[in-house]
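Got the viewer open? Let's go through this one stop at a time, selecting as we go.

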Amino acid sequence: MSDRDGLIWLDGEMVDWREAKTHVLTHTLHYGMGVFEGVRAYEAEQGTAIFRLEAHTDRLFNSAKIMNMPMPFSKEELNEAQRAAVRENDLKSAYIRPMVFYGSEGMGLRADNLKAHVVVAAWEWGAYMGEENLKKGIKIATSSFTRHHVNVTMTKAKSNGSYMNSMLALQEAVSHGCDEALLLDTEGYVSEGSGENFFMVRDGVIYTPELTAALDGITRKTIMQLAKDAGYEVREKRITRDEVYIADEAFFTGTAAEVTPIRELDNRTIGQGSRGPVTEMLQTKYFDVVHGRSEAHLDWLTPVA
Ligand code: PMP
């Protein structure tokens, strides 16, 4: 990823992609204390636009607050940095990665002599689970790894270190021939995927886990709104794995994964074993909104130009 042409925003300046470097004694590299975002820009009817930029930037600031990291830039500066990272790399659509990390000013865990640094990179990244899987759905397995506990790493922050758990779960699922993992919380209830929120549909009602052990996903919020706009009831509740086995439909949501249908969990076919009608309707609405094809929610798009 590091060897390509382009520009990366680093601490307030655009630097050459290959020169956007940090020292091996970078604190965050050693202990994982950092926070980040995953944002997407789409080629919309109105030109390239970032989807729900302000919500992502707000979550980045909340993540930093939870982790007690100082934020050296304002929200306006970081919004502008994200727009510039897409625009100045001439990207029509992009995945944008802002990250706040501690530098190499010291190594102690007190972190009292450290500076927080901010980077924003943007590059082209297609469907996270593959174009084909957006239609046919993915095969997933309940993970042997438990999702984070609110009193261990906390769960409202999108923090670098918490993705060790995600990687362990995903690699396990892939080694078992699956596309993604479904992680349960410390009490055994469904939490989320390694990088996605979970939804299921049963008897025309849409369910999603409460936000105790899952990230407060922006796509989750978007889908809940679009479902309500379409007249569906959305209930947040504790969900068990066996409820998922007998659901009519299930799907994951995330900035990277967008709306990805789930066709199988633990070798049990979910519903018809393909993208269900409610999933398809929400997926279509989601893609219409992010591409500016829908009159509703145009305020969720921030043009980069
Ligand atoms: N859960 C986890 C663990 C994630 O990494 C992500 C991706 N940020 C999500 C859920 C979905 O969040 P969002 O819709 O804001 O991308």
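Start by selecting Arg40, Phe51, His56, Ile218, Thr219, Thr255 and Tyr286: together they line the second largest cavity. Keep in mind that this is a predicted model. The space inside that cavity comes to about 30 Å³. Color by class and you'll get 3 nonpolar, 3 polar and 1 charged residue in the lining. Now color by domain instead: domain 1 (7-123) and domain 2 (133-290) each put at least three residues into this lining.

Keep Tyr286 selected and add Phe199, Ile223 and Trp300. These four are among the 23 residues of one nonpolar core.

Next, hop over to the largest nonpolar core, which has 28 residues. Show strand 4 (39-44), helix 2 (53-66), helix 3 (75-87), strand 6 (94-102) and strand 7 (116-123), since each gives two or more residues to this core. Which residues have the most contacts inside it? Pick Val86 and Ile96. Zoom in on Val86: leaving aside residues up to four places away in sequence, Val86 touches Ala41, Thr48, Leu91, Ala94, Ile96, Ala122 and Val304.

Last stop, the largest cavity, with a volume of about 40 Å³. Select Asp248, Glu249, Ala250, Pro261, Ile262, Ile270, Gly271, Ser274, Arg275, Gly276 and Thr279 to see its lining. Strand 14 (249-254) and strand 15 (258-265) each supply at least two of those residues. The class coloring here gives 4 nonpolar, 4 polar and 3 charged. That finishes the cavities, as a search of the whole structure finds 2 of 30 Å³ or more.

Methods. Residues numbered from 1 in each chain as written. Predicted model: local features only at pLDDT ≥ 70, side-chain atom pairs only at ≥ 80, totals over all residues. Heavy atoms only, no water. 1 Å grid on protein atoms, 1.4 Å probe; cavity = no way out; pocket = protein on both sides within 12 Å on 5 of 7 lines; lining within 4 Å. Points joined across faces, edges and corners; volume = space filled by probe spheres on them. Helix = DSSP H or I, 4+ residues; strand = E, 2+ residues; numbered from the N terminus. Nonpolar A, V, L, I, M, F, W, Y, C, P; charged D, E, K, R; others polar. Domains from an automatic or database assignment. Core = buried A, V, L, I, M, F, W, Y, C linked by side-chain atoms within 4.5 Å. Buried < 20%, exposed > 50% of the residue type's maximum accessible area, 1.4 Å probe, protein only. Contact = heavy atoms within 4.5 Å.
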